[in-house]
Amino acid sequence: MTKIYSHLEQLFEKLASTVTTILGNPITFIVALCFVLWWWINNLFTTRDVHQIIGDIIFGVTFLSLFIIQKSFNRFSASLHLKVNELVSSHETASNAVLNADVKTEREITELSKEYNELAEKIKELDAEI
């Protein structure tokens, strides 16, 4: 059962990574923009209430914002990972296990986090003794 769960977890992580990359792609934004414009133009010629038109505009802007926010987050995340990797690699005593943490699975990150929490507890104990 754990093998099935582990396999499903890996598949989900790959799917989430792929979807994140696709949603942050400029071509995807252009396709979404064309879709929203098509939607607005088709609904413009139907007899509708002003509230429905305003609702469609708000929906379209919100939908397009998703792609802009994802692109911004992808860029921020990539630059943050580069900075962390540079800091870790430049320090001789640092553990290289945290390099490229962005490509590690959630389970690997959780295990590393547990190790660092244990290290922090040991440091607290040492500080309390002094």
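## Close-up views of a predicted model

**View 1. Ile109 in helix H4.** Ile109 is partly exposed, with a relative accessible area of 38%. This value, like every other in these legends, comes from a predicted model. The residue belongs to helix H4. Beyond neighbours up to four places away in sequence, Ile109 touches Ala101 and Lys104. For scale, take Ala97, which lies 12 residues from Ile109 along the chain. The C-alpha atoms of Ile109 and Ala97 are separated by 9.9 Å. Why is Ile109 classed as partly exposed? Its 38% falls between the cut-offs, because buried means under 20% and exposed means over 50%.

**View 2. The salt bridge between Arg107 and Glu9.** The count of salt bridges comes to one. Arg107 forms a salt bridge with Glu9, and the closest N and O atoms are 3.5 Å apart. This pair links distant parts of the chain. Arg107 sits in helix H4 (residues 106–129) and Glu9 in helix H1, 98 residues apart. Side chains of opposite charge can pair when their charged atoms come close. Are the two partners buried or exposed? Glu9 is buried, at a relative accessible area of 17%. Arg107 is partly exposed, at 38%.

**View 3. The surroundings of Glu9.** Glu9 lies in helix H1, which covers residues 2–23. Which residues does Glu9 contact, leaving aside its neighbours within four places in sequence? They are Glu106 and Arg107. Arg107 is also the salt-bridge partner of Glu9. Glu9 counts as buried because its 17% relative accessible area is under the 20% cut-off.

**View 4. The aromatic cluster of Phe59, Phe63 and Phe67.** The model has three aromatic pairs by count. One of them joins Phe63 and Phe67 in an edge-to-face arrangement. Their ring centres are 5.2 Å apart, and the planes meet at 85°. Both residues lie in helix H3. They are four residues apart there, about one turn of the helix. Phe59, Phe63 and Phe67 together form one aromatic cluster. How accessible are the two rings of the edge-to-face pair? Phe67 is buried, with a relative accessible area of 6%. Phe63 is partly exposed, at 29% relative accessibility.

**View 5. The largest cavity.** How many cavities of 30 Å³ or more does the count give? The count comes to one. The largest cavity holds about 40 Å³ of space. Its lining consists of Phe35, Val36, Trp39, Trp40, Asp56, Phe59 and Gly60. Helix H2 (26–44) and helix H3 (50–90) are the elements that give two or more residues to this lining. The largest share, four residues, comes from H2. By class, the lining residues divide into five nonpolar, one polar and one charged. Phe59 ties this view to the previous one: it lines the cavity and belongs to the aromatic cluster.

**View 6. The largest pocket.** The largest pocket has a volume of about 540 Å³. It is lined by 19 residues. Which of these lie nearest its centre? They are Glu13, Ser17, Asp102, Val103 and Lys104. H1, H3 and H4 are the elements that give two or more residues to the lining of the pocket. H1 supplies the largest share, seven residues. By class, the lining has six nonpolar, eight polar and five charged residues. Lys104 also appears in the first view, where Ile109 touches it.

**View 7. Val88 in helix H3.** Val88 is found in helix H3. Val88 counts as buried because its relative accessibility of 14% is under 20%. Which residues does Val88 touch, not counting those up to four places away in sequence? The list is Ala94, Ser95, Asn96, Val98 and Leu99. Leu23 serves as a reference for distance across the model. Val88 and Leu23 are 65 residues apart in sequence. Their C-alpha atoms are 30 Å apart in space.

Terms used
Residues are numbered from 1 along each chain as its sequence is written. This is a predicted model: local features need pLDDT of at least 70, side-chain atom pairs count only at pLDDT 80 or more; totals for chains, interfaces and linings use all residues. Side-chain values use heavy atoms; hydrogens and water are left out. On a 1 Å grid over the protein atoms alone, a cavity is a set of points where a 1.4 Å probe fits but cannot get out, and a pocket is an open set with protein on both sides within 12 Å along at least five of seven lines; lining residues have an atom within 4 Å of a point. Grid points are joined across faces, edges and corners, and a volume is the space filled by probe spheres set on the points. Ala, Val, Leu, Ile, Met, Phe, Trp, Tyr, Cys and Pro count as nonpolar, Asp, Glu, Lys and Arg as charged, and the others, Gly among them, as polar. Rings of Phe, Tyr and Trp (its six-membered ring) pair if their centres lie within 6.5 Å; planes under 30 degrees apart count as stacked, over 60 as edge-to-face and the rest as tilted. Buried means under 20% relative accessible area, exposed over 50%, partly exposed in between (1.4 Å probe, protein chains only). Contact means heavy atoms within 4.5 Å. A salt bridge is a side-chain nitrogen of Lys or Arg within 4 Å of a carboxyl oxygen of Asp or Glu.
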